[in-house]
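Hi,

Here is the structure I promised to pass on. Have a look at it first, and then read my notes underneath.

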Amino acid sequence: MRGVIRALAVPVWRTLPWRTLGAAGVVGLLIPGLPRLSGAEPADWVTLLLLRAAALVLALGLAFLMDDPARHGTTPVPTGRAVRTALRVALVAPVAAAWWTAVLLLAPGAHRPPTGDVTLEAGAGCALALALAGLAVRHSDDPNPGRPAATALLAAALLAPLLLPDDWPLFVPAGDPRWATAHDHWAWLLAAAGAVWLGTLHEPLRRPFRRRSPRPRRSD
C-alpha cells in the first residue's frame, strides 16, 4: 500500500486545484492582514469576525478540492476512491494548517479570541466543505463538484445565524456565557461532517442484476 501511495502522490498533487486554493489562501490572509498593515487595532468582536471570515474562505477553497478534470479517466484504476480522496486531503492538510497558523498570527494578540476554539470552528467548516464535496462526487458525474459544494456551504453559513434556534447557539462573541456551549456544538458539527465525509469515500453500490422471468405465453 505504501508503494501505491507513493506512486499516486505526484499525479494526485498535479491534479489538485492549486489556483483555486491559492486564490482562497491570498484572500483569507488579506482579511486579518489589512488591519495590521493599516496600523488599526480592531476590537475583540471585529477580530473574531475577521478570523471567522478567513475560516469561511478556507472552507470555500477546500470545497473545490475534489475538482478533477481527469476524474472519469481515473475511475477504472485499481486504487479505490477512498485512497485517492484521502490522499488529496492528506497532501493539502499541512498547507492548510500552516496557512491557518499564519492567519492566527496576523490577528492582534491582545484582541485574539481563544485560538483553540476558533480553530475548532475552522475545522468544522472545512469538514463540512469536504462532506458537501464528497456528496457531490458520490451523487453526480460532474468532474468539477466544487461549485455546487461551495454554493451550499456559503448558503449554510449565511442562513445558519438566522435559522438556528436560540437554545442551539453557534456564532457567539468571545466572553459570552454561551461560548463553551457553542463550541460543544461546533465539536458535534465537526464529528457529524467528518462522519458524512467518511461515508462518501465508499464506491457507489451497483444495482444487483435481476434476471427477468419470461412472460407466460398466451394460448390462442
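Below is what I found, going from the overall fold to single residues.

Keep in mind that this is a predicted model. The protein chain has eight helices and zero strands, so to speak an α-α-α-α-α-α-α-α pattern when you read along the sequence. Of its 220 residues, 37% are buried. If you take the contacts between residues at least 6 apart in sequence, 78% of them join residues at least 24 apart. On the outside, the chain exposes about 13700 Å², with carbon and sulfur atoms supplying 65% of that area.

**The core**

The largest nonpolar core has 41 residues, and the ones that touch the most other members are Leu65, Met66, Trp100 and Trp197. At least two residues of this core come from each of helix 1 (2-15), helix 3, helix 5, helix 6, helix 7 and helix 8 (179-199). Helix 5 gives the most, with nine residues. Trp197 is worth a click: leaving aside neighbours within four places in sequence, tryptophan 197 is in contact with Met66, Thr85, Val89, Leu130 and Ala131. As background, nonpolar side chains in soluble globular proteins tend to be buried together.

**A nonpolar patch outside**

There is also a nonpolar patch on the surface, formed by Leu154, Leu158, Leu159, Leu162 and Leu163, and together these have about 540 Å² of accessible area. Take leucine 162 as an example. Leucine 162 sits in helix 7 (residues 146-163), and its relative accessible area is 67%, so it is exposed, the cut-off being over 50%.

**Salt bridges**

How many salt bridges are there? The count comes to three.

- Glutamate 121 pairs with arginine 52, and the closest N and O atoms are 2.8 Å apart. Because glutamate 121 lies in helix 6 (residues 115-138) and arginine 52 in helix 3 (residues 44-62), this salt bridge ties together parts that are 69 residues apart in sequence. Buried means under 20% relative accessible area here, so glutamate 121 at 7% counts as buried, and arginine 52 at 18% counts as buried too.
- Arginine 88 and aspartate 68 meet through their side chains at 3.9 Å, N to O. Arginine 88 is in helix 5 (residues 81-106) and aspartate 68 is in the loop between helix 3 and helix 4 (71-74), so the pair ties together parts that are 20 residues apart in sequence. Both residues are buried.
- Aspartate 176 and arginine 178 form a salt bridge at 3.2 Å, N to O. Aspartate 176 counts as buried at 19% relative accessibility, whereas arginine 178 is partly exposed at 37%.

**A loop residue to look at**

Asparagine 144 is in the loop between helix 6 and helix 7. Is asparagine 144 buried, partly exposed or exposed? Its relative accessibility is 37%, so asparagine 144 counts as partly exposed. Leaving aside neighbours within four places in sequence, asparagine 144 is in contact with Asp67 and Asp68; Asp68 is the aspartate that also meets arginine 88 in a salt bridge. Asparagine 144 and alanine 133 are eleven residues apart in sequence, and their C-alpha atoms are 9.4 Å apart in space.

**Aromatic pairs**

The structure holds three aromatic pairs, and I'll describe two here. In one of them, the rings of tryptophan 13 and tryptophan 18 have their centres 4.6 Å apart and their planes at 45°, so the pair is tilted. Tryptophan 13 is partly exposed at 39% relative accessibility, and tryptophan 18 is partly exposed with a relative accessible area of 28%.

Another pair is phenylalanine 171 with tryptophan 186, which is edge-to-face: 5.4 Å centre to centre, with 85° between the planes. This pair links distant parts of the chain, with phenylalanine 171 in the loop between helix 7 and helix 8 and tryptophan 186 in helix 8, 15 residues apart. Phenylalanine 171 is partly exposed, with a relative accessible area of 35%, while tryptophan 186 is buried at 7%.

Cheers

Methods. Residues numbered from 1 in each chain as written. Predicted model: local features only at pLDDT ≥ 70, side-chain atom pairs only at ≥ 80, totals over all residues. Heavy atoms only, no water. Helix = DSSP H or I, 4+ residues; strand = E, 2+ residues; numbered from the N terminus. Buried < 20%, exposed > 50% of the residue type's maximum accessible area, 1.4 Å probe, protein only. Contact = heavy atoms within 4.5 Å. Areas by Shrake-Rupley, 256 points an atom, 1.4 Å probe, with all protein chains shown as cover. Patch = residues over 30% accessible without salt bridge, like charges linked within 9 Å, V, L, I, M, F, W, Y side chains within 5 Å. Salt bridge = Lys/Arg side-chain N within 4 Å of Asp/Glu carboxyl O. Core = buried A, V, L, I, M, F, W, Y, C linked by side-chain atoms within 4.5 Å. Phe/Tyr/Trp six-rings, centres within 6.5 Å; stacked < 30°, edge-to-face > 60°.
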